[in-house]
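Student: I would like to learn how to read a protein model step by step, beginning with the overall fold and ending with its empty spaces. Could we take each feature as a general idea and then turn to the case at hand?

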Amino acid sequence: MKKRALTILTLLLVSFLLFSLTKADRRIYYGAFFVPKGWPKPVYDFKKNELTEKGFELGRTLFYDPIISRDSTISCASCHLQYTGFAHTDHALSHGIEGRIGTRNAMPIMNLAWTKLFHWDGGVINLEVQPINPITNPLEMDNSLVNVLDKLNHSKKYKELFYNAFNDSVITTKSLLKSIAQYTVSLETYNSKFDKVMRHEKDIFYTEQEENGYELFRKNCISCHRDPLFTNDSFADNGLPLDADYKDYGRVTITQNPKDSFNFRVPTLRNIEFTYPYMHDGRFKKLREVINFYTDGTVKRKTLAKELQKPIRLNENEKKDLIAFLFTLTDKEFLFNPKYSYPKSNINH
C-alpha cells in the first residue's frame, strides 16, 4: 500500500509540475531536445538516434577535433565557429587542409532538426550522412571514412567514449555519424530579442525603429524567410548574377532540371548579424550590401523567384529600420552557450 501511495503521489506531483509551467515555457520534448511552443514539429527522426548526454558530448568532441581530416589539421569547427552562428566569417569560401579553398561559403549551423535537405544545393538528404561530404571532399578534409575509422579505433580515448555512448568500443561509420548528428541537431537557437518579444516577456519591447523594420520585413521578406525559423526550407533563384570564377548554377547540378538553375537554399536569417559573408559564394560582407542588392541588383530571368518579380522599394531610412529588426534575430545565449563550445576536457589523444 505504501508503495502504491508513493507512486500515486509521484504521478500527482509530476502532473502538478507540468500544469504549473507557464504558457511561454511549455515545449514539446524529444529526449534531450526541446521544441519551443508554436514551432513546427521537427523533421529529424529522434527515434532512430535518441539523444543522450554521452552521445552529445562525443559528437561535440568529434566536431572540434581535427583528427577527422586527412592530416589532422582542420576540424568541423574550423569552418563553423560558434560565436559567428557556426558559420565561417574569415573567408568568402570554405577552407580545407593545406590551405585549399572550396567553391562555396560555409553555411551556418542551427535549428537543423527542421531541415529536410542540406547544403546550398540540397544535395544531401539526411543530417546523419551530411558529414561525409566535407570529410571526403578533396578541398576540405580530403579523407576517407576508412581512414577516419582507423584513426579513431586506434585511439584509446575514443574507444572509451564510443563505448560509453553506444555500449560498443568498435567504432563504425554508423556510430560515428550518429554521434556527430547528436551534437549538430542540438544546436538550437530560439532566445533572440524577437523570440522574447513574441513570447511577451516582461520589459522586452521593440524600439520604434525595430517595429518599423519588422513591418517592412513582413511586407517584403517573410514569404521566403518565414518565422519562427526564418526560412521556408526551400530553394530559389534570388536574382544573384552568376559568379565569374566558379559559374555555380546551384541546385540544377543535383536535379538536372533546368527550372532549378540559379536555385540555392533559402538560408535562415537567425543570427544574421554574425553569419557574414552572405550568399552561396560569400560575395557580400555587410547586410547593407545584401539589402541594396535586393532593391537594385537582382537579375531578371525566367527562373527568378516569383516573390522577387515585383521590385522591392525601400528608402534609406527604411533600409536602416529593416537592419535594426534583423539585429533582433541575434541570440547571444546561443552564440556564447558553453554547452556548445570547445570541450577542453576531451580533446587529447
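Student: What share of the contacts in the chain with a separation of 6 or more comes from residues 24 or more positions apart?

Tutor: Bear in mind that this is a predicted model. Residues 24 or more positions apart account for 68% of those contacts with a separation of 6 or more. The chain holds twelve helices and four strands, and 50% of its 349 residues count as buried. About 18,600 Å² of the chain is exposed, with carbon and sulfur atoms supplying 56% of that area.

Student: Which backbone features should I look for next, and where is the peptide bond cis?

Tutor: Most residues other than glycine have a negative phi, and most peptide bonds are trans. Here the bond from Asp227 to Pro228 is cis, with omega near 10°, and Pro228 belongs to the loop between helix H8 (208-220) and strand E3 (235-236). A cis bond also joins Tyr276 and Pro277, with omega about -5°; Pro277 is in the loop between strand E4 (264-265) and helix H10 (287-296).

Student: And what is the phi of His200 and of Met279?

Tutor: His200, although not a glycine, has a positive phi of about 60°, and Met279, likewise a residue other than glycine, has a positive phi near 80°. His200 lies in the loop between helix H7 (193-198) and H8, while Met279 lies in the loop between E4 and H10.

Student: Is His200 buried or exposed, and is Met279 buried or exposed?

Tutor: Because exposed means over 50% relative accessible area and buried means under 20%, His200 at 71% counts as exposed, whereas Met279 at 12% is buried.

Student: How should I read a charged side chain such as Arg104, and what does Arg104 touch?

Tutor: Start with location, then accessibility, then partners. Arg104 lies in the loop between helix H2 (53-64) and helix H3 (132-136), and with a relative accessible area of 18% Arg104 is buried. Its side chain makes a polar contact of 2.9 Å with the side chain of Asp121. Leaving aside residues up to four places away in sequence, Arg104 touches nine residues listed as Ala92, Leu93, Ser94, Trp120, Asp121, Asp248, Gly250, Phe264 and His280.

Student: How many cavities of 30 Å³ or more does the structure hold, and which residues are closest to the centre of the largest cavity?

Tutor: Rolling a probe the size of a water molecule over the atoms shows where empty space is left. The structure holds two cavities of 30 Å³ or more, and the largest has a volume of about 700 Å³. Among the 37 residues that line the largest cavity, His225, Leu269, Met279, Val290 and Tyr294 are the closest to its centre, so the buried Met279 with the positive phi reappears here. H10 gives the largest share of this lining, five residues, and by class the lining divides into 26 nonpolar, nine polar and two charged residues.

Student: What is the volume of the second largest cavity, and what lines the second largest cavity?

Tutor: The second largest cavity has a volume of about 50 Å³. Its lining includes Asp248, Phe264 and His280, which are also among the residues that Arg104 touches. By class, this lining has five nonpolar, two polar and five charged residues.

Student: How much space lies in the largest pocket?

Tutor: About 950 Å³ of space lies in the largest pocket. The pocket is lined by 44 residues, with His80, Ala106, Met107, His119 and Gln130 nearest its centre.

Methods: Residues are numbered from 1 along each chain as its sequence is written. This is a predicted model: local features need pLDDT of at least 70, side-chain atom pairs count only at pLDDT 80 or more; totals for chains, interfaces and linings use all residues. Side-chain values use heavy atoms; hydrogens and water are left out. Helices (H or I, at least four residues) and strands (E, at least two) are DSSP runs, numbered from the N terminus. Buried means under 20% relative accessible area, exposed over 50%, partly exposed in between (1.4 Å probe, protein chains only). A polar contact is a pair of N or O atoms within 3.5 Å; within protein, one must be able to donate a hydrogen and the other to accept it, and residues adjacent in sequence count only if both atoms are side-chain atoms. Contact means heavy atoms within 4.5 Å. Accessible areas come from the Shrake-Rupley method with a 1.4 Å probe; for residues, only the protein chains shown count as cover. On a 1 Å grid over the protein atoms alone, a cavity is a set of points where a 1.4 Å probe fits but cannot get out, and a pocket is an open set with protein on both sides within 12 Å along at least five of seven lines; lining residues have an atom within 4 Å of a point. Grid points are joined across faces, edges and corners, and a volume is the space filled by probe spheres set on the points. Ala, Val, Leu, Ile, Met, Phe, Trp, Tyr, Cys and Pro count as nonpolar, Asp, Glu, Lys and Arg as charged, and the others, Gly among them, as polar.
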